[in-house]
Amino acid sequence: MNDIEIIEIKSDQLKQYKTFLAFGLVNDEENFRITPNDDLNAPFPTKDKVDSFTLGAYSDNQLAGIVSFARDGGDREKLKHKGVLFRMYVSKHFRGQGIAKKLIQTLVERVNQIAGIEQINLTVIANNDNAKKLYEKFGFVTFGSESNAIKWKGKYFTEDQMTLKLK
């Protein structure tokens with residue numbers, strides 16, 4: 001495995017981020033809630049803040065994977081104890097090298113340092129067994145399931161909701 005470096009991607013790197021994500025939205029479309037059209041004019045997904053950030057995994061200065069985290073509900077008092085892990089993606093070319101694991105590990109470690117965050121939630125396509133198994137290795141557990149959560153090209157997809165209670 002090449003040396004993988006996990007670095008925060010900031011909003012001023014929007015073009016690089018969107019180019020990478022666009023490839024995933026086309027080539028792994030069934031594993032995303034959004035389409036390339038949904039992302040065309042979308043802003044950077046996070047706010048460059050301690051509780052709203054995006055991480056990138058780089059292999060030889062090439063972006064290989066991404067994951068984002070944001071405090072749930074922004075500044076809403078009743079929701080600020082939790083956050084959401086989203087847009088987890090590793091390019092097919094880099095899979096099987098432990099990159100997803102390193103991204104999630106770095107995210108969880110970083111979130112554990114944020115005052116007041118008690119849990120991380122996420123959604124995952126129910127039949128994405130590899131992703132679910134990886135999340136479970138970190139202690140995420142499924143707490144709900146929504147059938148027909150996504151409809152794309154005439155097919156319905158079930159989403160599972162998972163949570164990790166932080167210590």
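Seven strands form an open sheet in this predicted model. Their order is β1-β2-β3-β4-β5-β7-β6, and the pairing is mixed. Which strands stand at the edges? They are β1 (4–9) and β6 (141–152). Each has a single partner strand, so one side of each is left without a neighbour in the sheet. From one strand to the next, the twist averages 25°.

Strands of a sheet pair through backbone hydrogen bonds, either parallel or antiparallel. Take β3 (residues 62–71) and β4 (residues 82–90): they run antiparallel, and six bridges join them. Within this pair, Ser 68 stands opposite Phe 86 in β4.

Now for the helices on the sheet. Helix α1 lies across β1, β2, β3 and β4. Helix α3 packs on the sheet too, touching β1, β2, β3, β4, β5 and β7.

| Helix | Residues | Direction |
|---|---|---|
| α1 | 14–27 | about 100° to β3 |
| α3 | 99–112 | about 145° with β2 |

In total, the protein chain has four helices and seven strands. From the N terminus on, the elements run β-α-α-β-β-β-α-β-α-β-β.

How does the whole chain measure up? A compact globule of 167 residues would have a radius of gyration near 15 Å; the protein chain has 15 Å, so the two agree. Its C-alpha atoms fill a box of roughly 40 × 35 × 35 Å along the principal axes. Buried residues make up 44% of the 167 residues. Among contacts with a separation of 6 or more, 62% link residues 24 or more positions apart. The accessible surface comes to about 9,600 Å², and 47% of that belongs to carbon and sulfur atoms.

Conventions: Residues numbered from 1 in each chain as written. Predicted model: local features only at pLDDT ≥ 70, side-chain atom pairs only at ≥ 80, totals over all residues. Heavy atoms only, no water. Pairing = 2+ DSSP bridges. Helix = DSSP H or I, 4+ residues; strand = E, 2+ residues; numbered from the N terminus. Axes fitted to C-alpha atoms, helices over the stretch in contact; angles between N-to-C directions. Contact = heavy atoms within 4.5 Å. Rg over C-alpha atoms; globule rule 2.2 N^0.38 Å. Buried < 20%, exposed > 50% of the residue type's maximum accessible area, 1.4 Å probe, protein only. Areas by Shrake-Rupley, 256 points an atom, 1.4 Å probe, with all protein chains shown as cover.
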